[in-house]
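Subject: Structure handover

Hello,

Here is the structure I promised to pass on. Please open it first, then read my notes below.

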Amino acid sequence: MNDKILQARQQLSEWLSDPHELGCKPYKVEYTQTFTDKDDIECMIFRYKKTIMGKWLLAIVSESGTFSEMQEYNSTTAVADASRILDTLKEYWKSQALNNSDQPQDNTMKQDLSQKSQPGSVFMMHLLFKNPVSMPDKNTMTSVMSKHLGDVDCFSFNDKVAAFAAKKYLSEFKDARIPPQLMIMGCNEFDPDTIDQLRKSQMWDCIEDRDRILSECRYQIFANDMMAALPALQRADLDMNFMEALAEIFVDCEAVYFENSGKLFTCEDIRNHNIPAEDRFIYFAVNVRFFNIRSTDDMVIDTLGMNVLYLPDIQYHFHGLDPEAVVNHAYNMAVYIFKNDNPINQGDTIDALENNEMSTKVRWKCSYEDSLIQPSREVIDIYTNQYASGTRE
């Protein structure tokens, strides 16, 4: 093995050891091959294992940086996977150069807390396509909508919009009870740059297909609910049935981007899922996000998407805990809040983690606070005792 490869392997081991990445030296690192991309950038491909029984994972060392998405190594697709990562790194550095051409370089992602998430806001989905699509005929759309949503009334239909009243559901207003409206807009162009880098970094359910989808899909159909003043469980049922109807109507749809939470799913995953009906909203429409706090050992895990249903999101600001265990705790908390119409009050305590497992012997305190990560919103902050970071009111 030549010196260049040895140096690159050492560089990768040090990068992986950073607490904001793998957090430890990998059990084993192996060089596999080198390729040169269209911009004459040389890229070395490595595979590594975190533990002796772990899977082989892919990493690259290049002139544009050292990086790993912690995805499984596949010898058949290694060059393609590495090329995609390399392209992401190059685009990142280009954007940094454009954004900071007159300033010292700063590689930390910036957030914008002026972004706000309003409780009970419109539920928004972007259906993504490679090519332009036409609105199917009225009878076809009405038939599929009725199949998933019960009795519907198509009260507006043309090539620019199809609008349905879901008569099975009744929104409660001061002076009337009316069915919520489901709107489907005609096809228009989709610009992936409207999704910021922070959101792209949290598309965990589609991380391997994310860049391909966002680069190949240049057209969209936008869909949303309106006047959906329903209890949380009913509105979740409405929106998930709407999602499934859209996936059936638009057969050429590649993926669905859920704007409220930033989640991205392939349409194939939506069509073929076997998630119980009552669990669909948490699975598809609530994102559990993970952030390392630069230059510290601190981490933030939060949910995004709950307040569409007038329910609070959750956040954890901590260190020293297994983030995967905290992610699981967050999902369990989201399900509990969702199915019980948020019974948590200021100062209540909940079951905590002990040895990365749920435990009734340890309790964590809940407080209502402003979110640490955009968009700005009220959240339930979980105080993780000796593992807590930052200050609390």
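**A strand between two neighbours**

In strand E16, Thr 303 is the bridge partner of Val 288. Keep in mind that this is a predicted model.

Val 288 brings us to strand E15, residues 287–292, which pairs with E16 in the antiparallel sense over six bridges. The two strands form a hairpin, with six residues between them. Ser 295 sits in that turn and has a positive phi of about 65 degrees.

E16 also pairs with strand E17, residues 313–318. That pairing is antiparallel too, over four bridges. Here Ile 301 stands opposite Tyr 316 of E17.

How many of the six residues of E16 are buried? Six of the six, so the strand, residues 299–304, is largely enclosed by the rest of the structure. The cover is on both faces. Met 299, Ile 301 and Thr 303 are buried on one side. Val 300, Asp 302 and Leu 304 are buried on the other. Note that an aspartate is part of that second set.

**The whole chain**

The secondary structure comes to nine helices and 20 strands. The radius of gyration is 23 Å, close to the 21 Å that the globule rule gives for 393 residues, so the chain is as compact as a globular protein of that length. Along its principal axes, the C-alpha trace spans about 75 × 55 × 45 Å.

Of the 393 residues, 48% count as buried. The chain exposes about 19,600 Å². Carbon and sulfur atoms supply 48% of that area.

Contacts reach across the sequence. Among those between residues at least 6 apart, 56% join residues at least 24 apart.

On charge, the chain has 39 positive and 61 negative. The mean positions of the two sets are 2 Å apart.

**Tyr 219**

Tyr 219 is found in strand E12, residues 219–226. Is this tyrosine buried, partly exposed or exposed? Its relative accessible area is 24%, so Tyr 219 counts as partly exposed; the cut-off for buried is under 20%.

Its C-alpha atom is separated by 6.2 Å from that of Lys 130, a residue 89 places away along the chain. Leaving out residues up to four places away in sequence, Tyr 219 touches two stretches:

- Leu 127, Leu 128, Phe 129, Lys 130, Asn 131 and Pro 132
- Cys 187, Asn 188, Glu 189 and Phe 190

**Loops to look at**

Three loop residues deserve a look in the viewer.

Pro 375 lies in the loop between strand E19 (357–370) and strand E20 (378–383). The peptide bond that leads into it from Gln 374 is cis, with omega near 0 degrees.

Met 70 is not a glycine, yet has a positive phi of about 60 degrees. Its loop runs between strand E4 (65–67) and helix H2 (78–99). Met 70 is partly exposed, at a relative accessible area of 30%.

Asn 355 also has a positive phi, near 55 degrees, in a residue other than glycine. Asn 355 is found in the loop between strand E18 (349–354) and E19. At 72% relative accessibility, this asparagine counts as exposed.

Best regards

Conventions:
Residues are numbered from 1 along each chain as its sequence is written. This is a predicted model: local features need pLDDT of at least 70, side-chain atom pairs count only at pLDDT 80 or more; totals for chains, interfaces and linings use all residues. Side-chain values use heavy atoms; hydrogens and water are left out. The radius of gyration is taken over C-alpha atoms; the globule rule is 2.2 Å times the number of residues to the power 0.38. Buried means under 20% relative accessible area, exposed over 50%, partly exposed in between (1.4 Å probe, protein chains only). Contact means heavy atoms within 4.5 Å. Accessible areas come from the Shrake-Rupley method with a 1.4 Å probe; for residues, only the protein chains shown count as cover. Lys and Arg count as positive and Asp and Glu as negative; His and the chain ends are not counted. The place of a charge is taken as NZ of Lys, CZ of Arg, CG of Asp or CD of Glu. Two strands pair if DSSP finds at least two bridges between them.
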